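This report describes selected features of a predicted protein model. Please examine the sequence and the structure before reading further.

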Amino acid sequence: MKLKLILIICLPSFLGLNLKAQSLVDNEATAETKALYRNLSELAGKHILFGQQDATNYGHDWSVGENRSDIKDVCGSHPAMIGDDFDKLTVKDEKRLEEGRKHLLKTITDTYERGGVITICWHSANPVNGGSFYWEKNPVEAVAHILPGGTKHQQYLLYLDRIAEVAHEAKGKGGELIPIIFRPFHEFDGDWFWWGSAHCTKKEFICLWRFTVDYLKDTKQVHNFLYAFSPDCKFTTGKEYLERYPGDKYVDILGTDNYWDFRPDGANNPNLAVDKLKIVSDIAKNKQKLAALTETGLEGVTNPEWYTSVLLPILKNPAIKLAYVMVWRNANYNPNHYYAPFPGHPAEDDFRKFKEDLQIYFEDRLPDLYK
């Protein structure tokens, strides 16, 4: 009996299985959501999904296009991941709210039906007064007021209810709920958003994160979310990275947003990005969770070889194990605000070389991630 017990305990390790790695925030996660996490776990370290924010919503010089993206125009495939934003659900105008809801559902379902992955951040309007998510445009403290017992708690619940409605309506052709990587309160270690560290205490932030997750999964029964944690790149140690970490029971994916270390007017030192990604990767490995570079890029892609000479070596670094990397959008209202090349851009050829690397997955290389 004693020998049998030892075999039972050791067998998963012997087979190379990692049971804890499949333990998600949501114990009732849908089969497709569990499959996505499992498949990303199996790919991580061998292949990295490449994504872009709003890739199929608009491009550098266009705003309406069916099944189009600047990236597909350049290299023949959409990115493996498409980013969107729940900000559309916090507007005041009812018509814009409905348009935003329909837009989100279309982006989610179209991406899923093509086999891609959807990740959604949340530049929420300030729940206290409906003002901007940017602190400098609307310097009004909010976190303490939207927690349970706060004066604006009901307004915050309204926002979450709208998110839950979209989550429940996002279904595939078979009626299955579509998995979504939800990335709330990103770059919280900065002071530029109302949820930033300068505008709430550590305890308040952690309470907000935990309440948000519990309300969505337990009260609203949203079971198709994976939850991603993504501070900005201000940390230099694991302790700093985890300063406002809400706990393993509330996070599926550990990430970081990093533009600063790549910017000519910033740190301009990609080696710093390597060090920070190593920290994130090591913590994720220790906690048996996924790691990701959740936002990055070089605005204007001013280095025409940035993708192969700067980003690719970082992604292929054997000391760093990432599931995916996301670059920011190509805005059509600002000719200099873009993070992926478009047809005619000097980085076009280099980007195609980046895509051809066998370690990088765009949409056209993806296996079935939902089975």
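## The nonpolar core

The largest nonpolar core holds 120 residues, and those touching the most other members are Leu49, Phe50, Phe86, Phe225, Tyr307, Tyr324 and Phe354. Helix α6 (residues 153-169) supplies the largest share of this core, with eight residues.

Tyr307 illustrates how such a residue is surrounded. Leaving aside neighbours within four places in sequence, Tyr307 is in contact with Phe50, Val301, Leu312, Val327, Tyr339, Ala340, Pro341, Asp350, Phe351 and Phe354.

## The two sides of helix α11

Among the contacts of Tyr307 are Asp350, Phe351 and Phe354; in α11, these three residues are buried, as are Glu348 and Lys355. Because the buried residues cover an arc of only 160 degrees around the axis, they lie on the same side of α11. Lys353 and Glu356, on the other side of α11, are exposed.

The buried residues of α11 pack against two strands, β1 (48-53) and β9 (360-361), and against two helices, α3 (70-75) and α10 (306-315).

## His345, in the loop before α11

His345 belongs to the loop that runs between β8 (324-327) and α11 (348-356). Is His345 buried or exposed? Its relative accessibility is 8%, and buried means under 20%, so His345 counts as buried.

Two polar contacts involve the side chain of His345. A polar atom of this side chain lies 3.4 Å from the backbone oxygen of Gly300, and the side chain also reaches the backbone nitrogen of Ala347 at 2.9 Å. Apart from neighbours within four places in sequence, His345 is in contact with Gly300, Val301 and Tyr338.

Note on methods: Residues are numbered from 1 along each chain as its sequence is written. This is a predicted model: local features need pLDDT of at least 70, side-chain atom pairs count only at pLDDT 80 or more; totals for chains, interfaces and linings use all residues. Side-chain values use heavy atoms; hydrogens and water are left out. Helices (H or I, at least four residues) and strands (E, at least two) are DSSP runs, numbered from the N terminus. Buried means under 20% relative accessible area, exposed over 50%, partly exposed in between (1.4 Å probe, protein chains only). A polar contact is a pair of N or O atoms within 3.5 Å; within protein, one must be able to donate a hydrogen and the other to accept it, and residues adjacent in sequence count only if both atoms are side-chain atoms. Contact means heavy atoms within 4.5 Å. The arc is that of the directions from the helix axis to the C-beta atoms. A nonpolar core is a set of buried Ala, Val, Leu, Ile, Met, Phe, Trp, Tyr and Cys residues joined through side-chain atoms within 4.5 Å.
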